[in-house]
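Student: Could you walk me through this structure, one question at a time? I would like to learn how to reason from the picture.

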Amino acid sequence: MSTRVLVLNGPNLGRLGSREPDVYGSTSYAGLVARCAELGAELGLSVEVRETNSEAEMVGWLHQAADDKTPVVINPGAFTHYSYAMRDAAAQRTAPLVEVHISNPYTRETFRHTSVIAAVASGTIAGFGLGSYELALRALAEQLTSR
């Protein structure tokens, strides 16, 4: 039986492949979903990938994950820098939560240097392209087996 894991993506991530490919790469969102599902299966994880442009929907998903004790990989997108509602929802986690970013926020505009999510996450992985998701899933799998 595999452990269920949510991979949650915030605003504009559904536009992967067409959105600033020099920053976010040329792989489509469907490609990201496939990569996460494939690696998840290898790691014994049942991965469900979601994307929303709605802060309220993301907060609801985080509440449900906390209630169900579901591990989370989250790329909050722009919500990273200012969503205290999302930070408070993530703080209620009852399982590991790994923050991911495709690019390295610290090499970009100054406003991207602050994450309100990082302080309540198990860890943060950034700057490795879509490989950030793979590293996060591997970290989650390791955390879950060491429990």
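Student: Where is the place of Thr-124?
Tutor: Happy to start there, keeping in mind that this is a predicted model, in which local features need pLDDT of at least 70, side-chain atom pairs count only at pLDDT 80 or more, and totals for chains, interfaces and linings use all residues. Residues are numbered from 1 along each chain as its sequence is written, and side-chain values use heavy atoms, with hydrogens and water left out. Helices (H or I, at least four residues) and strands (E, at least two) are DSSP runs, numbered from the N terminus. By that naming, Thr-124 sits in strand E5.

Student: What is the relative accessible area of Thr-124?
Tutor: There are three classes: buried is under 20% relative accessible area, exposed is over 50%, and partly exposed is in between (1.4 Å probe, protein chains only). Thr-124 belongs to the partly exposed class, because its relative accessible area is 42%.

Student: Which residues does Thr-124 touch, and how many Å apart are Thr-124 and Glu-99, C-alpha to C-alpha?
Tutor: Contact means heavy atoms within 4.5 Å. Leaving out residues up to four places away in sequence, Thr-124 touches Glu-99, His-101 and Ala-118. Thr-124 and Glu-99 are 25 residues apart in sequence, yet their C-alpha atoms are separated in space by 4.6 Å.

Student: Which strands stand at the edges of the sheet?
Tutor: Two strands pair if DSSP finds at least two bridges between them. Here five strands form an open sheet with parallel pairing, in the order E2-E1-E3-E4-E5. A strand with a single partner has one side left without a neighbour in the sheet, so the edges belong to E2 and strand E5 (123-126).

Student: What is the bridge partner of Ile-74 in E4?
Tutor: E3 and E4 run parallel and pair over three bridges. Within E3, Val-72 and Ile-74 point one way while Val-73 and Asn-75 point the other way, and all are buried. Across in E4, the partner of Ile-74 is Glu-99.

Student: And what is the bridge partner of Asn-9 in E3?
Tutor: Asn-9 lies in strand E1, and four bridges join E1 to E3 in parallel. Asn-9 counts as buried because its relative accessibility is 0%. Its contacts, not counting residues up to four places away in sequence, include Tyr-29, Met-58 and Tyr-133. In E3, the bridge partner of Asn-9 is Asn-75.

Student: Do the buried residues of H3 line one face or lie all round, and within what arc do they fall?
Tutor: The buried residues of H3 (residues 55-68) are Met-58, Val-59, Trp-61, Leu-62, Ala-65 and Ala-66. They line one face of the helix, because the directions from the helix axis to their C-beta atoms fall within an arc of 160 degrees. On the other side of H3, Ala-56 and Asp-67 are exposed. So the value for the buried face is an arc of 160 degrees.

Student: Which elements do the buried residues of H3 pack against?
Tutor: H3 lies across E1, E2, E3 and E4, so look at the sheet and at what else its buried residues meet. They pack against strand E1 (3-9), strand E2 (45-51), strand E3 (72-75), helix H4 (84-91) and strand E4 (97-101).Student: Within what arc do the buried residues of H4 fall?
Tutor: The buried residues of H4 are Met-86, Ala-89 and Ala-90. What covers them includes H3, E3 and E4. Seen down the axis of H4, they line one face of the helix, because they fall within an arc of 100 degrees.

Student: Which element supplies the largest share of the largest nonpolar core?
Tutor: A nonpolar core is a set of buried Ala, Val, Leu, Ile, Met, Phe, Trp, Tyr and Cys residues joined through side-chain atoms within 4.5 Å. The largest one has 21 residues, and Cys-36 is among those with the most contacts inside it. E1, helix H2 (29-43), E2, E4 and helix H5 (131-145) each supply at least two residues of this core. The largest share, five residues, comes from H5.

Notes:
The expected span of a helix is 1.5 Å times one less than its number of residues. Axes are lines fitted to C-alpha atoms, for helices over the stretch in contact, and angles run from 0 to 180 degrees between N-to-C directions.
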